[in-house]
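Hi,

Here is the structure I promised to pass on. Have a look at it first, and then read my notes underneath.

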Amino acid sequence: MNKLRLILDTNIFLVSLAPKYKYHWIYQSLILSKFELVVSNEILTEYQEQITLRYGVDHTEASLDFLLLLPNVILKNPTFLWQLVTNDKDDNKFVDCYIAGQCDYIVSNDRHLHQIKTNQFPQVAVMRYEEFEGAFKNTFTR
């Protein structure tokens with residue numbers, strides 16, 4: 001059976017790093033290879049900027065270097081830019097990587113990403129954190 005292939009928006013990824021947050025099971029599941037995470041250079045750059053702001057430079061370098069060593073982290077740089085998110089163009093990096101990486105879901109609480117769920121082509125599956133937790137936490141944390 002193929003593993004679930006996901007895009008984690010920056011805010012979801014960021015809070016999953018913190019051991020005391022309810023989101024930490026996502027990061028632990030990633031480390032345990034319970035799902036595949038697809039990232040692009042653009043997504044990694046945003047992760048790095050935000051982790052540096054929140055946790056400092058030392059933590060950032062260690063986190064991202066380690067992340068790229070995981071066999072279930074897939075680096076996929078899109079060759080086609082769909083420009084589906086019009087209200088916040090910065091969010092397109094997640095959608096383009098989702099399509100290029102043939103992902104199952106984008107996990108995000110960002111309203112701009114949820115506005116494209118009704119798109120006919122290409123279809124984009126976006127889940128809020130709560131939906132994702134309800135659907136997968138028990139499976140991943142067994």
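Below is what turned up, going from a helix to the surface and then to the cysteines.

One thing to keep in mind: this is a predicted model.

Let's start with helix α2, which covers residues 24-31. Of its 8 residues, 6 are buried, so the helix is largely enclosed by the rest of the structure. The buried ones are His 24, Trp 25, Ile 26, Tyr 27, Ser 29 and Leu 30. His 24 counts as buried because its relative accessibility is 13%, under the 20% cut-off. If you skip the neighbours within four places in sequence, His 24 is in contact with Ser 16, Leu 17, Ala 18 and Pro 19. After α2 comes Ser 33, with a positive phi near 65 degrees.

Now for the surface. Ile 31 and Leu 32 join Phe 66 in a nonpolar patch there, and together the three have about 270 Å² of accessible area. Phe 66 belongs to another helix, α4, which spans residues 57-69. With 35% relative accessibility, Phe 66 is classed as partly exposed.

Last, the cysteines. How many disulfides are there in the whole structure? The search finds 0. Why do Cys 97 and Cys 103 not form one? For Cys 97, the closest cysteine sulfur is the one in Cys 103, but at 6.0 Å it is too far for a bond; a disulfide would need the two sulfur atoms within 2.5 Å. Both residues are tucked away by the numbers: Cys 97 is buried at 0% relative accessible area, and Cys 103 is buried too, at 9%.

Cheers

Terms used
Residues numbered from 1 in each chain as written. Predicted model: local features only at pLDDT ≥ 70, side-chain atom pairs only at ≥ 80, totals over all residues. Heavy atoms only, no water. Patch = residues over 30% accessible without salt bridge, like charges linked within 9 Å, V, L, I, M, F, W, Y side chains within 5 Å. Areas by Shrake-Rupley, 256 points an atom, 1.4 Å probe, with all protein chains shown as cover. Salt bridge = Lys/Arg side-chain N within 4 Å of Asp/Glu carboxyl O. Helix = DSSP H or I, 4+ residues; strand = E, 2+ residues; numbered from the N terminus. Buried < 20%, exposed > 50% of the residue type's maximum accessible area, 1.4 Å probe, protein only. Contact = heavy atoms within 4.5 Å.
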